[in-house]
Amino acid sequence: MEDTATFPLEAQAALEAYPPLWALLASPIVLIISVIIAAAAFWQNKRTQTRTRRMDTLIRVLDVEMSEKYRSDHDAFVRVRDEKLWPQITSSDRAEDVELRRRVQAYLNHYEIVALGVEENLFSKTIYRKWMGSVLVRDWNDSVGFVEEMRQNQPNLFLKFEGLAKEFDPAVINHKSSD
């Protein structure tokens with residue numbers, strides 16, 4: 001028969017061979033806390049990136065649009081639009097018309113750069129749409145005939161600009177205007 005006096009000592013020795021309950025739970029608890037902290041840091045980083053991208057959009061557009069060159073190119077675009085000089089600047093080799101064409105293209109290229117930045121998620125589409133969306137669509141509609149004429153020699157000219165205009169307003173003009 002087994003000695004009962006030594007049984008509790010054997011049981012105690014067996015229990016001491018296993019780690020205490022807190023030691024078994026420590027690793028999973030530390031892992032769960034680490035995952036929660038990592039998820040919170042990731043979420044905060046995403047919020048910061050979004051805010052930074054929105055600020056970058058505003059700063060980039062403001063920087064460009066406050067420059068003398070941009071304002072001069074914008075004035076050329078408005079002149080061509082208001083005086084309906086599109087056919088003249090598209091086909092003429094006169095120095096003044098070539099210069100107007102270059103300045104109009106520079107003005108429209110600003111939209112192409114913004115559209116590329118939006119596509120690449122560098123600029124906030126939401127902010128740009130609220131701020132300049134209707135102007136972008138208007139300028140696309142005003143220049144679509146000119147762009148199509150220029151695309152005869154440069155087929156990929158202002159494709160991003162056109163795509164963003166259509167995204168902002170599906171009813172944009174996508175055929176040669178009658179002007």
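**Salt bridges, core and surface in a predicted helical model**

K166 pairs with E162 in a salt bridge, with the closest N and O atoms 3.0 Å apart. The model behind this is a predicted one. The two residues sit 4 residues apart in helix α7, so about one helical turn separates them. Their surroundings are not alike: K166 is partly exposed, at a relative accessible area of 31%, whereas E162 is buried, at 11%.

That pair has company, as a search of the whole structure turns up 15 salt bridges. One of them joins E96 to R79, with 3.2 Å between the closest N and O atoms. Here the partners come from distant parts of the chain, with E96 in helix α5 and R79 in helix α3, 17 residues apart. Both ends are partly exposed: E96 has a relative accessible area of 38%, and R79 has 31%. The two also belong to a wider network of salt bridges that links R79, E83, R94, E96 and D97. Elsewhere, the side chains of R81 and D82 meet in a salt bridge at 3.1 Å, N to O. In general, side chains of opposite charge can pair when their charged atoms come close.

Turning to the inside, the largest nonpolar core is made of 34 residues, and those with the most contacts within it include Y128, L136, W140 and F146. Helices α2, α3, α4, α5, α6 and α7 each supply at least two residues of this core, and α6 gives the most, with 9. F146 shows how such a residue is surrounded: leaving aside residues up to four places away in sequence, F146 touches W86, I89, T90, R101, V104, Q105 and L108. As a rule, nonpolar side chains in soluble globular proteins tend to be buried together.

Not everything buried is nonpolar, though. D139, in helix α6, counts as buried because its relative accessibility is 0%, below the 20% cut-off. Beyond its sequence neighbours up to four places away, D139 touches F77, R81, Y107, Y111 and F161.

R129 also lies in helix α6, which spans residues 125–150, but R129 is partly exposed, at 37%. Past the same four-place limit, R129 touches E167 and F168. A polar atom of the R129 side chain lies 3.3 Å from the backbone oxygen of E167. R129 and A165, 36 residues apart in sequence, are 9.7 Å apart C-alpha to C-alpha.

Finally, the surface carries a nonpolar patch of about 590 Å², made by L21, L24, L25, I29, I33 and I37. One of these, L24, is found in helix α2.

Key
Residues are numbered from 1 along each chain as its sequence is written. This is a predicted model: local features need pLDDT of at least 70, side-chain atom pairs count only at pLDDT 80 or more; totals for chains, interfaces and linings use all residues. Side-chain values use heavy atoms; hydrogens and water are left out. Buried means under 20% relative accessible area, exposed over 50%, partly exposed in between (1.4 Å probe, protein chains only). Contact means heavy atoms within 4.5 Å. A polar contact is a pair of N or O atoms within 3.5 Å; within protein, one must be able to donate a hydrogen and the other to accept it, and residues adjacent in sequence count only if both atoms are side-chain atoms. A nonpolar core is a set of buried Ala, Val, Leu, Ile, Met, Phe, Trp, Tyr and Cys residues joined through side-chain atoms within 4.5 Å. Patches are made of residues with over 30% relative accessible area and no salt bridge: like charges are joined within 9 Å, nonpolar side chains (Val, Leu, Ile, Met, Phe, Trp, Tyr) within 5 Å. Accessible areas come from the Shrake-Rupley method with a 1.4 Å probe; for residues, only the protein chains shown count as cover. A salt bridge is a side-chain nitrogen of Lys or Arg within 4 Å of a carboxyl oxygen of Asp or Glu.
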